[in-house]
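Work through the following exercises with the coordinates open beside you, and try each task before reading its solution.

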Amino acid sequence: MLNSQEIAEKVRGQGKSDLILAGSHEGRISLHSKPTLNTYTTRAVNDFLSFAASLLPPAKYHTFLQLFRFPVPTVSLSSRIYDSVSKVFEPIDPVFDYEFSSDSDKEDYLRIRDEEMIFDKWKKNGMEALKSNHNSILIYELPEVQEGDKPMPYHYFLSIEGVKGLGVDDDGNIEWVYFSVGDGKFAFYDDMSYTLLDSELVISQIPHDLGYCPAAFFWSENLSSDSNVIKKHPFSEHLFNFDMLLKYVIENEWLNLYARYPIVSVFAADCSFEDGDHYCDRGHLKSSRDDSFIFNDAGIQECPACSKHTLTAPGTVIEVDTPSPQNEYTDLRNPVSITSMPVDLLKYNNTDIRERADYLFTSITGIGSEIINEQAVNEYQIIGIFESMERNLIMPQRNFERIMSWADKTFCKLRYGSTFVDCTVSLGTKHYVLSSADIMSLYTLAKSTSMSDSVLDNLQDLYIKTEFRQNEKQQRRELILIDLDDFRHSSRKEMDYMLEAGVVTPKEYLLKITSSSLIRRFERENGSILLFGSKLEYNAKINRMREIISRYIEEKELKPEEEETETDLSNNNL
């Protein structure tokens with residue numbers, strides 16, 4: 001283990017420039033992601049406002065500052081983007097596998113994962129860290145007092161702002177980290193121990209057997225090859241576009257302040273007001289005795305005659321020179337004219353902002369802000385929606401899998417020691433990237449454009465898996481009902497047409513349009529369709545159910561007198 005002098009030498013020999021740049025980069029992302037502020041976000045705000053000031057005249061910049069409010073308008077766009085990125089935590093085929101040499105230790109860990117809802121916490125805390133602390137460091141520690149026969153390690157996110165020193169190898173692994181813990185004390189963690197220092201004096205040193213530093217970058221993707229400290233966020237390549245969108249949204253609100261009201265221009269006219277003691281000087285009163293302005297509680301007193309010449313509604317009045325020999329009578333406009341903002345200009349600003357927002361949303365998520373639109377007209381484009389969204393989840397998934405695997409591994413090594421062997425964490429190859437409502441809209445679109453049954457089958461199956469992903473029993477029930485339906489994509493109207501055309505038999509027609517009643521009768525007589533034929537192979541189960549339901553239709557084909565007798569008997573049984 002290192003002594004205090006060796007620790008001090010390491011810390012003094014490590015540069016801080018990458019830490020500062022990482023914090024600055026994180027702050028710019030935070031500005032557009034979070035409604036709250038931290039130190040780095042405040043710096044980002046100052047940087048953004050300086051950028052805006054460089055593009056605006058001083059008077060206009062003053063108004064811009066008045067309209068700058070928190071949370072900034074781009075936060076709502078970011079929120080929708082993060083909702084899409086969070087689909088990485090809704091995998092269809094996840095893999096979480098843990099290998100122990102002790103069955104009891106494995107059972108213990110799986111119990112902890114379940115009770116502590118580890119996966120749900122990663123979905124919540126991981127996404128929050130991505131929004132404002134993607135350069136943070138995950139620290140694993142041991143409790144000061146152990147309860148039970150095994151330690152209960154815990155982790156937390158250390159903001160890059162709190163890091164005072166950092167050693168990182170060529171592969172991006174943290175070799176040691178030095179940070180403040182408050183009250184003038186500092187922590188130094190490396191691959192051998194947890195060390196606590198007061199200034200440069202070692203207070204305590206607790207060894208661990210991890211073989212590596214109990215600290216790891218939350219996000220592993222580097223922004224560039226020049227640094228393995230500054231991490232690449234999904235927004236990193238788009239920060240200029242976020243800044244420009246924010247600037248234009250604020251300026252568009254500024255435009256709305258006056259564009260909705262007319263500009264009224266009138267000929268300037270000298271006011272002849274004079275009451276002996278005062279006279280009018282360009283709308284304000286002066287003293288006839290010494291030509292000084294007259295003041296009241298509100299400031300310089302307005303001329304009572306000029307003050308009557310105001311608008312009766314919101315707007316702006318400007319005065320223009322009257323036609324005269326001095327200006328060669330060039331301004332022969334109407335004495336009073338009203339100027340309105342061109343509608344095309346107003347539409348341009350709104351359209352430009354919308355297109356900028358759509359560009360950002362599409363670039364980061366892989367889809368447009370409107371998932372279902374007239375562009376999705378064939379099966380290749382529908383398939384492309386899913387492929388594009390999955391493709392854009394690759395980068396965040398890779399980063400989340402790495403840190404989740406590291407966290408599981410570190411927890412298990414600290415708690416179980418050598419009985420832990422290895423773990424596999426995979427967030428799957430496919431995800432619930434669309435809501436069930438969006439999938440149903442795609443299904444309806446695909447059906448209306450006569451796409452192939454294979455596309456319809458896949459969309460309907462995916463709809464069921466998405467709609468009932470939290471209810472496995474209902475999901476299995478819906479899939480069984482589909483397998484019992486020979487005309488799963490045909491509507492009642494389409495069945496009517498096929499019966500009339502002789503494409504389907506009356507029996508097939510009745511099976512389709514009365515399927516709900518037939519299934520209810522089946523379950524009254526045979527129990528749940530989930531439990532029926534549980535000892536049979538699935539195909540045999542479906543075939544057996546078909547036979548029974550088919551007999552119900554045959555019973556409906558009784559002769560009229562037999563049907564009447566059966567009805568009488570049923571009434572007598574009531």
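**Exercise 1. Overall composition**

Task: State how many helices and strands the protein chain has, and what share of its residues count as buried.

Solution: The structure is a predicted model, and a count of its secondary structure elements gives 19 helices and 19 strands in the protein chain. The next step is to turn to burial, where 38% of the 574 residues fall into the buried class. The accessible surface of the chain comes to about 32800 Å², and 50% of this area is supplied by carbon and sulfur atoms. Finally, when contacts between residues at least 6 apart in sequence are considered, 64% of them join residues at least 24 apart.

**Exercise 2. A glycine in a strand**

Task: Determine whether Gly 165 is buried or exposed, and list which residues it touches beyond those up to four places away in sequence.

Solution: Begin by placing Gly 165, which belongs to strand S4, a strand that covers residues 163–168. Its relative accessible area is 0%, and because buried means under 20%, Gly 165 is buried. With residues up to four places away in sequence set aside, Gly 165 touches Gln 14, Leu 19, Trp 176, Val 177 and Tyr 178. A further step compares positions along the chain with positions in space: Gly 165 and Lys 10 are 155 residues apart along the chain, while their C-alpha atoms are separated by 8.4 Å.

**Exercise 3. Salt bridges and their exposure**

Task: For the salt bridges Lys 232 to Glu 237, Asp 281 to Lys 286 and Lys 447 to Glu 494, give the N to O distance and assign each residue to an exposure class.

Solution: The whole structure contains 30 salt bridges, from which three pairs are taken here. In the pair Lys 232 and Glu 237, the closest N and O atoms are 3.0 Å apart; Lys 232 counts as partly exposed at 23% relative accessibility, whereas Glu 237 is exposed at 58%.

In the pair Asp 281 and Lys 286, the closest N and O atoms are 2.9 Å apart. Asp 281 counts as buried because its relative accessibility is 16%, and Lys 286 is likewise buried, with a relative accessible area of 15%.

In the pair Lys 447 and Glu 494, the side chains meet with an N to O distance of 3.1 Å. Lys 447 lies in helix H12 (residues 436–448) and Glu 494 in helix H15 (residues 492–500), so this salt bridge ties together parts that are 47 residues apart in sequence. Lys 447 is partly exposed at 27%, and Glu 494 is partly exposed at 32%.

A last step looks beyond single pairs: Lys 87, Glu 90, Lys 123 and Arg 469 are linked in a network of salt bridges.

**Exercise 4. Backbone geometry**

Task: Identify which peptide bond, from Phe 70 to what residue, is cis, and state the phi values of Asp 183 and Ser 450.

Solution: The background for this exercise is that most peptide bonds are trans and most residues other than glycine have a negative phi. The peptide bond from Phe 70 to Pro 71 is cis, with omega near -10°, and Pro 71 sits in the loop between helix H4 (58–67) and helix H5 (74–85).

For phi, Asp 183 has a positive value of about 55° although it is not a glycine. Asp 183 is found in the loop between S5 and strand S6 (185–189), and its relative accessible area of 75% makes it exposed. Ser 450, also a residue other than glycine, has a positive phi near 55°; its place is the loop between H12 and helix H13 (453–467), where it is exposed at 65%.

**Exercise 5. Surface patches**

Task: Name the residues of the negative patch and of the nonpolar patch, and locate one residue of each.

Solution: The patch of negative charge on the surface gathers Asp 170, Asp 171, Glu 175 and Asp 191. Asp 171 lies in the loop between strand S4 (163–168) and strand S5 (174–182), and at 66% relative accessibility it counts as exposed.

The nonpolar surface patch is formed by Phe 293, Phe 295 and Ile 300, which together have about 290 Å² of accessible area. Phe 293 belongs to the loop between strand S14 (284–287) and strand S15 (295–296), and its 35% relative accessibility places it in the partly exposed class.

Notes:
Residues numbered from 1 in each chain as written. Predicted model: local features only at pLDDT ≥ 70, side-chain atom pairs only at ≥ 80, totals over all residues. Heavy atoms only, no water. Patch = residues over 30% accessible without salt bridge, like charges linked within 9 Å, V, L, I, M, F, W, Y side chains within 5 Å. Areas by Shrake-Rupley, 256 points an atom, 1.4 Å probe, with all protein chains shown as cover. Salt bridge = Lys/Arg side-chain N within 4 Å of Asp/Glu carboxyl O. Lys, Arg positive; Asp, Glu negative; His and termini not counted. Charge placed at Lys NZ, Arg CZ, Asp CG, Glu CD. Helix = DSSP H or I, 4+ residues; strand = E, 2+ residues; numbered from the N terminus. Buried < 20%, exposed > 50% of the residue type's maximum accessible area, 1.4 Å probe, protein only. Contact = heavy atoms within 4.5 Å.
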